[in-house]
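Subject: Handover of a structure and notes on its contents

Dear colleague,

Please find below the structure that I am handing over to you. I would be grateful if you could keep it open while you read the notes that come after it.

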Amino acid sequence: VVFRDGCIKAVGQAEVIRSQFSEATFERIIDCSGKCVLPGLVDAHTHPVWAGDRVHEFAMKLAGASYMEIHQAGGGIHFTVEHTRKATEEELFTTFKHRLERMLRAGSTLVECKSGYGLNLETELKMLRVIERAKQSMDIGISSTYCGAHSVPKGKTATEATDDIINNHLPKLKELKLSGEIHVNNIDVFCEKGVFDLESTRRILQAGKEIGLQINFHGDELHPMKSAELGAELGARAISHLEEVSDEGILAMARAKCAAVLLPTTAYMLRLKQPQARKMLEEGVIVALGSDFNPNAYCFSMPMVMHLACVNMKMSMNEALAAATINAAYALGKSDTHGSLEIGKQGDLIVINSSRWEHLIYQFGGHEALINYVIVKGKVIYQSEKCETMSVT
């Protein structure tokens, strides 16, 4: 039962609920007989605002070119940056809205959305304004991330880029936050060999933390960088990727209650070593999942991400579901309001056309036929054409 304020009022057996609310009137009743009701899925890592897809690079990857080889040849992030800088705010918003709608239809009700294809203040702010506009105008939940340190801009060194971010970008974000124009939740840095080293990463993250941003960054993806140890030391909320994390880093994250946002699509697409999900879980790390939707990993579907996590990272279906709901919400600092069906939490849920919830993971790519309803704050925002509902006034 979800009240008008969008929060869950009651959860329980059908007979108990019917008895408890026998005198109440509802705007809408949905018959879920033979179906499953699950928390709305949470996608803890996406890059959804950009122009310039990289479909042409897929063939290069299949032929054996590495991520960094494509990057150094002027492709990868730099290709998308060039196109994103040229795109208007309206063009970016139109494509972003379309992508969010696809994520919604695949069951995601809360999505982390990064900037990072600007690499200059003007374009980063353009991307953050687009994210802010979607926050205000769409039903889907959004946690926004400033990711100006996604790559070193052409013509700059990593140190120069770091200084620019600390001296120019972050003070501007603080000013816009105080004026109420843009509300950014997280700060992200691509801590990687040949991109931002550990010291530059530390400086940027610390400066972001000082203006009230949660630390939530890319680490230990292609090379062991000791990013996990740094994140634990700085009080990071979450670190993403972690394909090359050290054993010491795993222990440090567990102790610091820093979430590991694992991205099975990336390891799959780039043929990387799989993140050590089992070891992380055994050591007590809070493991979350994200789609890493971006021009390099073009996936909108958290059900497919969960499937890959189970098959390639040896997670159980229960672990994958928790990682795509309550743990992903934790990684965004929102587990007190999102990620589970509990009284007082936001009424975000999905209804699937199966008596066993495991079908959402078992059916690889089957979510379009499975998901009957996507509900945010108690409001049906997506309904499969095959559903029948009962309206009560």
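The notes below describe salt bridges, a helix, a sheet and one loop residue. Please bear in mind throughout that this is a predicted model.

Salt bridges

Side chains of opposite charge can pair when their charged atoms come close. The structure holds 20 salt bridges, and I shall describe some of them.

Let me begin with Glu 112 and Lys 114. Their closest N and O atoms are 2.7 Å apart, and the two residues form a salt bridge. Are these partners buried or exposed? Glu 112 has a relative accessibility of 0% and so counts as buried, the cut-off being under 20%. Lys 114 is buried as well, with a relative accessible area of 1%.

A second salt bridge brings together the side chains of Arg 202 and Glu 233, with 2.7 Å from N to O. This pair links distant parts of the chain, since Arg 202 belongs to helix α8 (residues 198-210) and Glu 233 to helix α9 (residues 227-234), 31 residues apart. Arg 202 counts as partly exposed at 26% relative accessibility, whereas Glu 233 is exposed, with a relative accessible area of 53%.

A third salt bridge joins the side chains of Lys 273 and Glu 244, at 3.2 Å from N to O. Lys 273 is found in the loop between α11 (264-269) and α12 (277-282), and Glu 244 in the loop between β8 (238-241) and α10 (247-256); the pair therefore ties together parts that are 29 residues apart in sequence. Both residues are partly exposed: Lys 273 has a relative accessibility of 48%, and Glu 244 has a relative accessible area of 23%.

There is also a network to note: salt bridges that share partners connect Glu 112, Lys 114 and Asp 188.

Helix α4

Which residues of helix α4 (residues 77-86) are buried? They include Ile 77, His 78, Thr 80, Val 81 and Thr 84. These residues lie on the same side of α4, because they cover an arc of only 155° around the axis. Among the elements that cover the buried residues of α4 are α3 (67-72), α5 (89-105) and α6 (121-137).

A four-stranded sheet

Strands of a sheet pair through backbone hydrogen bonds, either parallel or antiparallel. In this structure, an open sheet of four strands runs in the order β2-β11-β12-β13, and its pairing is antiparallel. At its edges are β2 (36-39) and β13 (379-383), each of which pairs on one side only. On average, neighbouring strands of this sheet are turned by 25° against each other, direction ignored. Four bridges connect β2 with strand β11 (residues 349-352) in the antiparallel sense. To find a position in β11 from which to start, you may look for Val 351, which stands opposite Val 37.

Val 245

The last item is Val 245, in the loop between β8 and α10. With a relative accessible area of 6%, Val 245 is buried. What does Val 245 touch, leaving aside residues up to four places away in sequence? Its contacts are Asp 220, Ala 228, Ile 250, Gln 276 and Met 280. By contrast, Glu 175 is 70 residues from Val 245 along the chain, and the C-alpha atoms of the two are separated by 36 Å.

Yours sincerely,

A colleague

Terms used:
Residues are numbered from 1 along each chain as its sequence is written. This is a predicted model: local features need pLDDT of at least 70, side-chain atom pairs count only at pLDDT 80 or more; totals for chains, interfaces and linings use all residues. Side-chain values use heavy atoms; hydrogens and water are left out. A salt bridge is a side-chain nitrogen of Lys or Arg within 4 Å of a carboxyl oxygen of Asp or Glu. Buried means under 20% relative accessible area, exposed over 50%, partly exposed in between (1.4 Å probe, protein chains only). Helices (H or I, at least four residues) and strands (E, at least two) are DSSP runs, numbered from the N terminus. The arc is that of the directions from the helix axis to the C-beta atoms. Contact means heavy atoms within 4.5 Å. Two strands pair if DSSP finds at least two bridges between them. Axes are lines fitted to C-alpha atoms, for helices over the stretch in contact, and angles run from 0 to 180 degrees between N-to-C directions.
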